[in-house]
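Work through the exercises below with the structure in view. Try each task before reading its solution.

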Amino acid sequence: MIQIAPSMLSADFSNLREDIRTIEEGGADLLHIDVMDGHFVPNLTFGAPIVKALRPHTTLPFDVHLMVTNPADYVEEYAKIGVEYFTFHWEVVPHAHRLIQAIKSTGMKAGVSLNPSTPVSLLEDIASDLDLILIMSVNPGFGGQSFISNAVKKVQQARQLLDAVGNTTAVVEVDGGINLETAPLVRKAGATMLVAGSAVFGASDRADMIRQLRG
């Protein structure tokens with residue numbers, strides 16, 4: 001089953017609790033939360049205090065995507081909040097295996113995100129340890145960008161890599177430019193979790209949009 005994780009980057013920041021309520025009632029599977037530091041990416045968004053404040057207001061699992069230069073510093077904090085998926089960027093971590101083990105030791109699931117120019121093949125030696133591979137189909141840092149078509153091939157490669165190492169439980173997630181035109185492409189390629197921001201929060205009927213994206 002395809003899971004839909006609406007991105008809070010496209011929500012109304014002045015009315016987050018109500019926006020979360022509408023997508024939860026609309027059938028969303030997770031809440032995708034982008035944490036940015038203004039260093040790894042040229043933007044600032046949510047930090048741990050906001051994520052903690054949101055936690056009591058929904059039963060949806062939290063899928064936290066850390067676009068920061070020092071993700072290891074936040075493992076314990078996000079574990080205490082009750083995050084389900086803790087995803088860091090391959091490009092900033094010199095000891096990925098060590099960080100994956102630290103994440104999993106807290107009870108969270110470990111994910112690795114790849115920028116559009118980062119090849120999937122770099123994950124070969126850690127693929128069996130991962131719970132999630134996040135393929136960025138836009139350059140990280142801002143919502144509302146156009147889908148980069150090369151992501152379809154990378155989704156296929158990620159699925160093939162996980163199959164090759166016998167990892168049958170890990171999720172292949174896609175983030176960026178997901179809408180009714182691009183969702184079928186990445187679903188067919190092997191994606192099992194879709195992050196959708198403006199497509200969901202900009203829809204007049206969010207529940208219907210979630211159903212259509214799921215396919």
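**Exercise 1. Place Leu162 in the fold, and decide whether Leu162 is buried or exposed.**

Solution.
Step 1. In this predicted model, Leu162 belongs to helix 5, which covers residues 151–164.
Step 2. A residue counts as buried when its relative accessible area is under 20%. The relative accessibility of Leu162 is 0%, so Leu162 is buried.
Step 3. Setting aside residues up to four places away in sequence, Leu162 touches Ala127, Ile133, Asn167, Ala170 and Val172.
Step 4. Asp129 lies 33 residues from Leu162 in sequence, and their C-alpha atoms are 9.9 Å apart in space.

**Exercise 2. Find which residues of helix 1 are buried and which elements cover them.**

Solution.
Step 1. Helix 1 consists of residues 16–25, and its buried residues are Leu16, Asp19, Ile20 and Ile23.
Step 2. Looking down the axis of helix 1, these buried residues fall within an arc of 100 degrees, and therefore they line one face of the helix.
Step 3. Arg17 and Glu25 are exposed on the other side of helix 1.
Step 4. The cover over the buried residues includes two strands, strand 1 (3–6) and strand 2 (31–36). Helix 2 (48–54), helix 7 (198–201) and helix 8 (206–214) are also among the covering elements.
Step 5. Past the end of the helix, look at the backbone: Gly27, just after helix 1, has a positive phi of about 100 degrees.

**Exercise 3. Describe the protein as a whole, and explain why it counts as compact for its length.**

Solution.
Step 1. Count the elements: the protein has 8 helices and 8 strands.
Step 2. Compare the radius of gyration with the globule rule. The value is 16 Å, close to the 17 Å that the rule gives for 215 residues, so the protein is as compact as a globular protein of that length.
Step 3. For the dimensions, take the principal axes: along them, the C-alpha atoms fill a box of roughly 45 × 35 × 30 Å.
Step 4. Of the 215 residues, 54% are buried.
Step 5. Consider the contacts with a separation of 6 or more: 65% of them join residues 24 or more positions apart.

**Exercise 4. State what the surface exposes and how the charges are placed.**

Solution.
Step 1. The exposed area of the protein is about 9300 Å², and carbon and sulfur atoms supply 49% of it.
Step 2. The protein carries 16 positive and 24 negative charges.
Step 3. Take the mean position of each set: the two mean positions are 3 Å apart.

Notes:
Residues numbered from 1 in each chain as written. Predicted model: local features only at pLDDT ≥ 70, side-chain atom pairs only at ≥ 80, totals over all residues. Heavy atoms only, no water. Buried < 20%, exposed > 50% of the residue type's maximum accessible area, 1.4 Å probe, protein only. Helix = DSSP H or I, 4+ residues; strand = E, 2+ residues; numbered from the N terminus. Arc of directions from axis to C-beta. Contact = heavy atoms within 4.5 Å. Rg over C-alpha atoms; globule rule 2.2 N^0.38 Å. Areas by Shrake-Rupley, 256 points an atom, 1.4 Å probe, with all protein chains shown as cover. Lys, Arg positive; Asp, Glu negative; His and termini not counted. Charge placed at Lys NZ, Arg CZ, Asp CG, Glu CD.
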